[in-house]
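Thanks for coming. I'll go through one structure today, from a definition to the interior and then to the chain as a whole.

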Amino acid sequence: MLKKISLIILIIGYISAGINHFVNPLGYINIIPNYLPYHQILNYLAGICEIVFGAMLIFPATRNWGAILLIFLLAAFLIVHIEMLQMAPLRLGGLYVTPLIAWVRLLLQPFLMLWLAWHIQTKR
């Protein structure tokens, strides 16, 4: 039961986060490191990936791939969280990101990766 609730939270969370890339793009675009090109395209691509990979968690046949791809996406996002930490304090839309919040967001990434890994089924 706990694992099902956990999975539902992940599905809703990642699909919602992906949609938010389209609803509030400037909050994401502003934290993409300057050395990466095409910030708007990268933002929308990240949103699409979160929606698709989050939806893949719904179906047992695609759940492992969805979790693995989200783990890789979280690893790729580490550079954004490091950049955010270096820029803090900053305002992202309606959110004021203090250095403490930036650290929490950065340190949350490994936790999210482990949470997703918990839902990867091994075949025996």
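Before we start, one term: when I say that something covers a residue, I rely on contact, which means heavy atoms within 4.5 Å. Please also keep in mind that this is a predicted model.

Let's take α3. What covers its buried residues? The cover includes α1, α2, which is residues 25-29, and α4. The buried residues of α3 are His39, Asn43, Ala46, Gly47, Cys49, Glu50, Phe53, Gly54 and Met56. As for its length, α3 has 18 residues and spans 25 Å from first C-alpha to last, close to the expected 26 Å.

One of those buried residues, Phe53, brings us to the largest nonpolar core. That core has 18 residues, and Phe53 is among those with the most contacts inside it, along with Tyr14, Leu57, Leu70, Leu73, Leu74 and Leu116. Two or more core residues come from each of α1 (2-23), α3 (39-56), α4 (60-87) and α5 (99-117). The most come from α4, which gives six.

Look at Leu116 for a moment. Leaving out residues up to four places away in sequence, Leu116 touches Leu10, Tyr14, Leu57, Ala67, Leu70, Ile71 and Leu74. There is also a second, separate core of ten residues, including Ile31, Val80, Leu90 and Ala102.

Now the whole chain. It has five helices and two strands, in the order α-α-α-α-β-β-α. Buried residues are 38% of the 124. The radius of gyration is 15 Å, which agrees with the value near 14 Å for a compact globule of 124 residues.

Key: Residues are numbered from 1 along each chain as its sequence is written. This is a predicted model: local features need pLDDT of at least 70, side-chain atom pairs count only at pLDDT 80 or more; totals for chains, interfaces and linings use all residues. Side-chain values use heavy atoms; hydrogens and water are left out. A nonpolar core is a set of buried Ala, Val, Leu, Ile, Met, Phe, Trp, Tyr and Cys residues joined through side-chain atoms within 4.5 Å. Buried means under 20% relative accessible area, exposed over 50%, partly exposed in between (1.4 Å probe, protein chains only). Helices (H or I, at least four residues) and strands (E, at least two) are DSSP runs, numbered from the N terminus. The expected span of a helix is 1.5 Å times one less than its number of residues. The radius of gyration is taken over C-alpha atoms; the globule rule is 2.2 Å times the number of residues to the power 0.38.
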